[in-house]
Amino acid sequence: MSSKLKNFGLIGLGVIAGIAGSMQFEASAQKTTTPLPLEELRQLADVFGLIKSDYVESVEDKKLLTEAISGMVASLDPHSAYLDKKAFKELREGTQGKFVGLGIEVGMEDGYVKVISPIEDSPAFKAGLKAGDLITRLDNTPIKGMTLDEAVKRMRGEPNTKITLTIARKEEDKPIIVTIVRQEIRVQSVKSKVVEPGYAWVRIAQFQEPTVEDLVKKLTAIYAQEPNLKGLVLDLRNDPGGVLPGAIGVSAAFLPKDVPVVSTNGQLPDSKATFYARREFYTSSRAALSDPLTKLPEAVKKVPMVVLVNTGSASASEIVAGALQDYKRATIMGTQTFGKGSVQTIRQLTADTAVKLTTARYYTPNGRSIQAKGIVPDLLVDENADGDGLNGLRLREADLTHHLMNDKDKAKDDAAHAKLVDELEEEQRLAALEKKRKPLEFGGKDDFQLAQALNQLKGLPVQLSKSAKIESKKEDTINDKKNVNGNGNGHGEKK
């Protein structure tokens, strides 16, 4: 993967910094019993004093201490963060499926803000922003020299306020200037439709508090239209995650009652837990007396399923894919997922601030660690008929600086992803190809992976990924050599 793509720092404007985690909320920070390192604290106090006395201009105490806390937490891994008043408010709003902003997922490239993906039906989407656009100015202020966090703060604001973006687009000779009105954006968690008689498609864009109830409504409507459903496609592509109960509830909708869905393990006793397909694990305390899944038709538990995933499927979506894969409840199809397999717990510090801290790793029911590895599909299928496009070059968890390692497979932690061609040349070739291609609409008539999922459900041939075919040929060659040398599990014959 090229250095440019590795430098992406994903962030949903107004939602959650970094890839959306499967989060747990705690009312307050736990009191520490660890002895304090006095010598290091003295050094911190000395540096604080030097800045106060010697720096070129006066700096507020609060700013220095807040930045020190922020830097300490951020140095741990890409998903731990100090949340000030604004960030904490936006995080809570994001888990409820609403936030104020432009509606884009962005990263940094060459000092500019790069649009990774506009959120469907958002102000940015309606204004025509495209994946790959470089934002060079915010109003009249150049972005060069800003950090991603600084640029994001400028793009956020109050509802119905305007911001003017200057856009550089590769296929355009002149900059594009567009004015966007910030709005409260409500992300539709679940979409669905009957794609053809007997077959339905359900997409989860992000796991939010209403996701389980929304899924029940969509599935109930599908069965009202198609009582004898033959196959269901659950689409988790580009789903960055969200709240843990949503992932457990979605898994429970298709799995037998009471089976383990996911487990966690960390330093604290509370982080060593197993979560089951039971009401108390996917309903809030307010809804504890009711179970939305009891409203589902019984046929949901047995309908043949394909789950679509890609590099953008992270965290909660990986929990669902991993559980359905371990129980062989569904065929997982697409490309290897992002690999965000860690738990972020929100420890509230004050009424308005908190720390988002990584406290555990996630494991599938069979004990597989998701962290920095992700879920490998049963059937590798490219995004398009002629290849995986830029999806194959997207950032994954293992590419993030300071990423948490996979404790089950550290020696092989994504070290085997060698490229078959020169990386820069391949990136340029794919970028040129993608310019000519219309943006993919998940669930649309040109959705190649959805078409392959329907083929799988119907028992028809599936067009596998080119990389899958290459790996298959490599495996066949290795097996042939083993057989020739007599090393194939004792069944080889020397010749």
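Is Phe281 buried, partly exposed or exposed? Phe281 is partly exposed, with a relative accessible area of 22%. I will come back to that ring in a minute. Before that, the overall picture, with the reminder that this is a predicted model.

The protein has 495 residues, and 47% of them count as buried. Its secondary structure comes to 13 helices and 21 strands. If you take the contacts between residues at least 6 apart in sequence, 72% of them join residues at least 24 apart. The exposed surface is about 25,600 Å², with carbon and sulfur atoms supplying 52% of it.

Now the aromatics. The structure holds 2 aromatic pairs. One of them is Phe275 with Phe281, which is edge-to-face, at 5.9 Å centre to centre and 80 degrees between the planes. The other ring pair to show you is Tyr276 with Phe281: the centres are 5.9 Å apart and the planes stand at 55 degrees, so this pair is tilted. The ring pairs therefore link Phe275, Tyr276 and Phe281 into a cluster. As for cover, Phe275 counts as buried, at 13% relative accessibility. Phe281, as I said, is partly exposed at 22%, and Tyr276 is partly exposed at 24%. The buried cut-off is under 20%, so Phe281 at 22% is not counted as buried.

Tyr276 also has a charge on it. The charged end of Arg278 sits over the Tyr276 ring, 4.3 Å from its centre. There is another case of this kind at Tyr199, where Lys458 lies over the face of the ring at 5.4 Å from the ring centre.

Tyr199 takes us to a sheet. Strand 13, residues 199-204, pairs with strand 12 in the antiparallel sense over 6 bridges. Within that pairing, Glu196 stands opposite Tyr199. Both strands belong to an open sheet of 6 strands, in the order 12-13-14-17-18-21, with mixed pairing. At the edges are strand 12, residues 190-196, and strand 21, residues 379-380, and each of these pairs on one side only.

Next, the loop between strand 15, residues 260-266, and strand 16, residues 273-276. Which residues should we look at there? Gln267 is one, and Ser271 is another. Gln267 is exposed, with a relative accessible area of 78%. Ser271 counts as buried, at 7%. Leaving aside neighbours within four places in sequence, Gln267 is in contact with Lys272 and Thr359. On the same basis, Ser271 touches Thr264, Asn265, Gly266, Thr359 and Ala360. Thr359 therefore appears in both contact lists. Gln267 and Ala360 are 93 residues apart along the chain, and their C-alpha atoms are separated by 7.3 Å.

On to the interior. The largest nonpolar core has 50 residues. Those touching the most other members are Leu219, Leu232, Leu234, Phe254, Met305, Val307 and Leu324. Helix 8, residues 244-254, gives the largest share of this core, 7 residues. A second, separate core has 21 residues, including Leu102, Val113, Ala124 and Leu129. To go back to one member of the largest core, what does Val307 touch? Not counting residues up to four places away in sequence, Val307 touches Leu234, Leu236, Leu324, Ala330, Thr331, Ile332 and Met333.

Last item, strand 7, residues 134-138. Why is strand 7 described as largely enclosed by the rest of the structure? Because 4 of its 5 residues are buried. Strand 7 has two partners to mention. With strand 9, residues 162-168, strand 7 runs antiparallel, joined by 4 bridges. Leu138 stands opposite Leu165 of strand 9 in that pairing. With strand 8, residues 141-142, the pairing is also antiparallel, over 2 bridges. Here Arg137 stands opposite Pro142. Strands 7 and 8 make a hairpin with 2 residues between the strands, and Asp139 takes a positive phi there, near 55 degrees.

If you have the model open, three places to look at are the ring cluster of Phe275, Tyr276 and Phe281, the loop holding Gln267, and the hairpin of strand 7 and strand 8. That is what I have.

Definitions and conventions. Residues are numbered from 1 along each chain as its sequence is written. This is a predicted model: local features need pLDDT of at least 70, side-chain atom pairs count only at pLDDT 80 or more; totals for chains, interfaces and linings use all residues. Side-chain values use heavy atoms; hydrogens and water are left out. Buried means under 20% relative accessible area, exposed over 50%, partly exposed in between (1.4 Å probe, protein chains only). Contact means heavy atoms within 4.5 Å. Accessible areas come from the Shrake-Rupley method with a 1.4 Å probe; for residues, only the protein chains shown count as cover. Rings of Phe, Tyr and Trp (its six-membered ring) pair if their centres lie within 6.5 Å; planes under 30 degrees apart count as stacked, over 60 as edge-to-face and the rest as tilted. A charge sits over a ring if NZ of Lys or CZ of Arg is within 6 Å of the ring centre and within 35 degrees of the ring normal. A nonpolar core is a set of buried Ala, Val, Leu, Ile, Met, Phe, Trp, Tyr and Cys residues joined through side-chain atoms within 4.5 Å. Two strands pair if DSSP finds at least two bridges between them.
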